[in-house]
Amino acid sequence: MNYADLFSTLTLVDIDIGQWDGTVSLKPKDIGLADTEAVKKTLDLGRRKLVDTESLAPIRQPLAKARKLLDLKGIKVPLFTGTRAVPNDRLGEVLAELNRIKDEVVNGLNAFEQTYPSALEKMRPLIEKAAEEAKVLDPREAAYKAIYFAPPIAAVRDKTYLSWRTFALSAPSDSALQTNESSDVEFITRQLIAELRLELKEAMAGLRGTPDGSVNIRSVESASRAVERAKEKNVLDDPVVKEVIGLLEPILLGLEAMRPQDRGAAARGAL
């Protein structure tokens, strides 16, 4: 296999995700300290939580969905940290799904805007309690300042986004750059295939069962999804991946029909 063969099957997708975490930097005056140079140099005060995780769910969930999509449909590429190589025949599907998720992020931000004031108020008693226990500020004043100086919704929107770029790979045109083509291609393909094999290995491990020998249906369904993903991603036609898929598919079909306590023994015997 050469560069052209390898790169003609894949496109790199790089997603960029931003998200407000519901916190702001804690300042010395927030805990009753003078904002002196010595305090700035010696104390790292961390961050103050303004809204709880549940309140951020409309934003967090679609962003998490975008990350998961690339993990499920793409393959880690050793030379491009953070990106995923998506088989070209799945690229249109992945980009369409990312566009749908981006709409969900916008809708999530709109929903959060409506609940933002109440989410801040929800934290008021906790902020008061923290100030009371710390004995450094008047609890009511501490809560008032925290909520009053919370980031405006426009700032939350600026920090929350989903975007992506795609990169089509091509072989070097300069013959001097192709000196190590064979070894480079071998390294890349070996890493890509290793990722697929690892995913299948983890799926098989989930079929070993619990100490009592049972395998629940979720483990079987998870393994089935891993097999389907591996079939989609095996654009390099790795014979080991094909062999493992061929082994697992009939086993999984049989396990689905069994009782949980019988699946473990059946899986261990087959694997």
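Guide: Helices, of at least four residues, and strands, of at least two, are DSSP runs numbered from the N terminus. The model discussed here is predicted.

Visitor: How many helices and strands are there in the protein?
Guide: The predicted chain has 271 residues, and 37% of them count as buried. Its elements add up to 10 helices and 6 strands.

Visitor: In which loop does T83 lie?
Guide: T83 touches I75 and K76, among others, and strand 4 covers residues 75-76. Strand 5 covers residues 84-87. T83 lies in the loop between strand 4 and strand 5.

Visitor: Is T83 buried or exposed?
Guide: Buried means under 20% relative accessible area. T83 has 9% relative accessibility, so T83 counts as buried.

Visitor: Which residue of strand 1, itself at 19% relative accessibility, does T83 touch?
Guide: Leaving out residues up to four places away in sequence, T83 touches L12, V13 and D14, along with I75, K76 and V77. D14 lies in strand 1. At 19% relative accessibility, D14 falls under the 20% limit and therefore counts as buried. The residue asked for is D14.

Visitor: What else does D14 touch, apart from residues up to four places away in sequence?
Guide: D14 lies in strand 1. The contact with T83 appears again in the list for D14. The list also holds G82, S163, W164, R165 and F167.

Visitor: Which helix gives the most to the largest nonpolar core?
Guide: In soluble globular proteins, nonpolar side chains tend to be buried together. Here the largest nonpolar core has 32 residues, and W20, L70, L98 and Y116 have the most contacts inside it. Strand 1 (10-18), helix 3 (57-73), helix 4 (88-134) and helix 5 (139-148) each give two or more residues to this core. The one that gives the most, with 12 residues, is helix 4.

Visitor: Which of the residues with the most contacts inside that core is in contact with Y116, leaving aside neighbours within four places in sequence?
Guide: The residues with the most contacts in the core include W20, L70 and L98 besides Y116. Y116 is in contact with V51, A150, P151, P152, I153 and V156, and also with W20. The name that stands in both lists is W20.

Visitor: How many residues has the other core, which lies apart?
Guide: Among the members of this other core are L196, L200, M204 and V227. V227 is also one of the buried residues of helix 8. The core has 14 residues.

Visitor: How far apart are the end C-alpha atoms of helix 8?
Guide: Helix 8 runs over residues 217-233 and has 17 residues. The expected span is 1.5 Å times one less than the number of residues, so helix 8 should span 24 Å. The model agrees, because the end C-alpha atoms of helix 8 are apart by 24 Å.

Visitor: Which residues of helix 3 are buried?
Guide: Helix 3 has 17 residues and reaches 24 Å from its first C-alpha to its last. An α-helix has 3.6 residues a turn, so residues three or four places apart point the same way. The buried residues of helix 3 are A57, I59, P62, L63, A66, L69, L70 and K73.

Visitor: Which helix supplies the largest share of the lining of the largest pocket?
Guide: The largest pocket has a volume of about 310 Å³. Of its 17 lining residues, D71, E195, E199, E202 and K233 are the closest to its centre. Helix 3, strand 4, helix 7 (181-205) and helix 8 each supply at least two lining residues. The largest share, 6 residues, comes from helix 7.

Visitor: How many residues of that lining are charged?
Guide: Asp, Glu, Lys and Arg count as charged. The lining also holds 7 nonpolar and 2 polar residues. The number of charged residues is 8.

Visitor: How far apart in space are I193 and V240, C-alpha to C-alpha?
Guide: I193 lies in helix 7 and counts as buried, at 16% relative accessibility. In sequence, I193 and V240 are 47 residues apart. In space, their C-alpha atoms are apart by 9.1 Å.

Visitor: Is A154 buried or partly exposed?
Guide: A154 is in helix 6. Partly exposed covers values between 20% and 50%. A154 has a relative accessible area of 44%, so A154 is partly exposed.

Conventions
Residues are numbered from 1 along each chain as its sequence is written. This is a predicted model: local features need pLDDT of at least 70, side-chain atom pairs count only at pLDDT 80 or more; totals for chains, interfaces and linings use all residues. Side-chain values use heavy atoms; hydrogens and water are left out. A nonpolar core is a set of buried Ala, Val, Leu, Ile, Met, Phe, Trp, Tyr and Cys residues joined through side-chain atoms within 4.5 Å. Buried means under 20% relative accessible area, exposed over 50%, partly exposed in between (1.4 Å probe, protein chains only). Contact means heavy atoms within 4.5 Å. On a 1 Å grid over the protein atoms alone, a cavity is a set of points where a 1.4 Å probe fits but cannot get out, and a pocket is an open set with protein on both sides within 12 Å along at least five of seven lines; lining residues have an atom within 4 Å of a point. Grid points are joined across faces, edges and corners, and a volume is the space filled by probe spheres set on the points.
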